[in-house]
2 protein chains.
Amino acid sequence: MTEELPTRDRLIQAATRLFRQRGYDGTGLTEILTEAGVPKGSLYHHFPDGKADLACAAADWTASEIIRVIDDSFRTAPDWRHGVTTFCYKMAKLFDILDSADACPIFGLLFEGPDHDRFRTQAERSFDRIIAAAARYGQALGMAPDTAQDAAETFIIGFQGCWTLARTRRKSDILRSLPSRLYGAPSQ
Amino acid sequence: MTEELPTRDRLIQAATRLFRQRGYDGTGLTEILTEAGVPKGSLYHHFPDGKADLACAAADWTASEIIRVIDDSFRTAPDWRHGVTTFCYKMAKLFDILDSADACPIFGLLFEGPDHDRFRTQAERSFDRIIAAAARYGQALGMAPDTAQDAAETFIIGFQGCWTLARTRRKSDILRSLPSRLYGAPSQ
DNA sequence: GAAAGACTAGACCGATCGGTCTAACAATGC
DNA sequence: GCATTGTTAGACCGATCGGTCTAGTCTTTC
């Protein structure tokens, strides 16, 4: 018996994939429904506010996935740099596996969408969750709370910038270059 | 006599503004035309491929504007860090003047649009122009060519990441924090 | 002044858009 | 078996979408 995802999850995952490729406004509900194999009535049942609800769920889900990669990368890391490096290598691998033209739905939410403030708040929450997850590992590795928070922010800022440039150039090596950019910066 | 912009420029600037706020797919031609005060026939005259042409022109124009800020920031800078710092302060000021929810159209192009590869190529070109402009100042300040290129990439990667987080949090201070993140990184 | 090219103007078009809504089916509890 | 709740199903709707196209005006050249 094939493991079948609940309807709601099928919608979220289909939406995540399509929002990644086309952005929020560039993705029509019909495409999502077709990919998820779900009728329209079900969409509004599970997400009463429709497309916007779905987008926020997609961002939450994506943040959770990224946090999972952070967990896998930092759990056994001997130091911060090692954790960051492992994360970048894992994400670079994902980048190669997925179509490299795909964006992250969290970023996409920032740039578009009718309900501007809602999306910005959702993006903020998603970023904050990711940064907090990384900061916890910073602390576990011996950093003071403020230092860990700063390090985590810088890491995620840099990662996000690298992801964007990597997508532009279609080169996952840019993701792998993040640790040396942050921790082996050129001297003045 | 009021200085009146040529039609083409009016279209580009209106598009730049609206793409920034709403993204490519979230912005309709009617809105652009209304804001620019230009009829539809003119749009297709100046931009035969329509909306996509206009988006690419908007990205080019935006890159030129960013390069202008780089020029203003680095022209009299005594060292690299000083140039980066000035740039960040100028952009933070712009961030406060403009609606902070606005994105940069270059980023927007990456996440959406029907003609995917064209937009990616355009974004690549725009980013490369910006990075090259910064790298030239790195060299003028005494860096070896490779080092200057790396420093410029890291700077733009970091800036772009900071811009995104600043937008999420509606705090221009994140932009101002970039130099200390890059050049005063926490030690391991 | 006429011709050609550049540019403006806006009606029209088929397609897609996201949301609404009614009907039907499935699951659970009594 | 019936009632209630949860969930699926898809037709329908008005609005918006970007592009096409014809007609008109303006500018330049001969």
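Buried means under 20% relative accessible area. The model shown in these views is predicted.

**View 1. A:Asp53 and its surroundings in chain A.** A:Asp53 sits in helix 4, which spans residues 51–74 of chain A. A:Asp53 counts as buried because its relative accessibility is 15%, and buried means under 20%. Beyond its neighbours within four places in sequence, A:Asp53 is in contact with A:Phe47, A:Pro48 and A:Arg118. A:Arg118 is 65 residues away from A:Asp53 in sequence. In space, the two C-alpha atoms are 9.9 Å apart.

**View 2. The protein surface near DNA strand C.** Which residues are closest to DNA strand C? They are A:Leu29, A:Lys40, A:Tyr44, A:Lys51 and B:Thr7, out of 15 residues that surround the strand. Of the DNA strand C atoms that come within 4 Å of the protein, sugar and phosphate make up 52%. By class, this surface has eight polar, four charged and three nonpolar residues.

**View 3. Polar atoms beside DNA strand C.** A:Thr27 places a backbone N or O atom 3.2 Å from a phosphate oxygen of the strand. B:His46 uses its side chain instead: one of its N or O atoms is 2.8 Å from a phosphate oxygen. For B:Gly41, a backbone N or O atom lies 3.0 Å from a base oxygen. Two elements give two or more residues to the surface near DNA strand C: helix 3 (40–46) of chain A and helix 3 (40–46) of chain B. Helix 3 of chain B supplies the largest share, five residues.

**View 4. Two salt bridges in chain A.** Side chains of opposite charge can pair when their charged atoms come close. A:Glu31 forms a salt bridge with A:Arg22, with the closest N and O atoms 2.3 Å apart. A:Glu31 is partly exposed, at 30% relative accessible area. A:Arg22 is also partly exposed, at 30%. A second salt bridge joins A:Glu65 to A:Arg68, at 3.2 Å between the closest N and O atoms. Both residues lie in helix 4 of chain A, three residues apart, about one turn of the helix. A:Glu65 is partly exposed at 28%, and A:Arg68 is partly exposed at 47%.

**View 5. A salt bridge in helix 9 of chain B, and a network.** The side chains of B:Arg176 and B:Asp173 meet in a salt bridge, 2.7 Å from N to O. Helix 9 (residues 173–176) holds both, three residues apart. B:Asp173 counts as exposed at 52% relative accessibility, while B:Arg176 is partly exposed at 25%. Elsewhere, salt bridges that share partners join A:Asp117, A:Arg120, A:Glu124 and B:Arg170 into one network. The count over all chains comes to 30 salt bridges.

Definitions and conventions:
Residues are numbered from 1 along each chain as its sequence is written. Chains are lettered from A and ligands numbered from 1 in the order in which they are written. This is a predicted model: local features need pLDDT of at least 70, side-chain atom pairs count only at pLDDT 80 or more; totals for chains, interfaces and linings use all residues. Side-chain values use heavy atoms; hydrogens and water are left out. Helices (H or I, at least four residues) and strands (E, at least two) are DSSP runs, numbered from the N terminus. Buried means under 20% relative accessible area, exposed over 50%, partly exposed in between (1.4 Å probe, protein chains only). Contact means heavy atoms within 4.5 Å. A residue is near a molecule or strand if one of its heavy atoms lies within 4 Å of it. A polar contact is a pair of N or O atoms within 3.5 Å; within protein, one must be able to donate a hydrogen and the other to accept it, and residues adjacent in sequence count only if both atoms are side-chain atoms. Ala, Val, Leu, Ile, Met, Phe, Trp, Tyr, Cys and Pro count as nonpolar, Asp, Glu, Lys and Arg as charged, and the others, Gly among them, as polar. A salt bridge is a side-chain nitrogen of Lys or Arg within 4 Å of a carboxyl oxygen of Asp or Glu.
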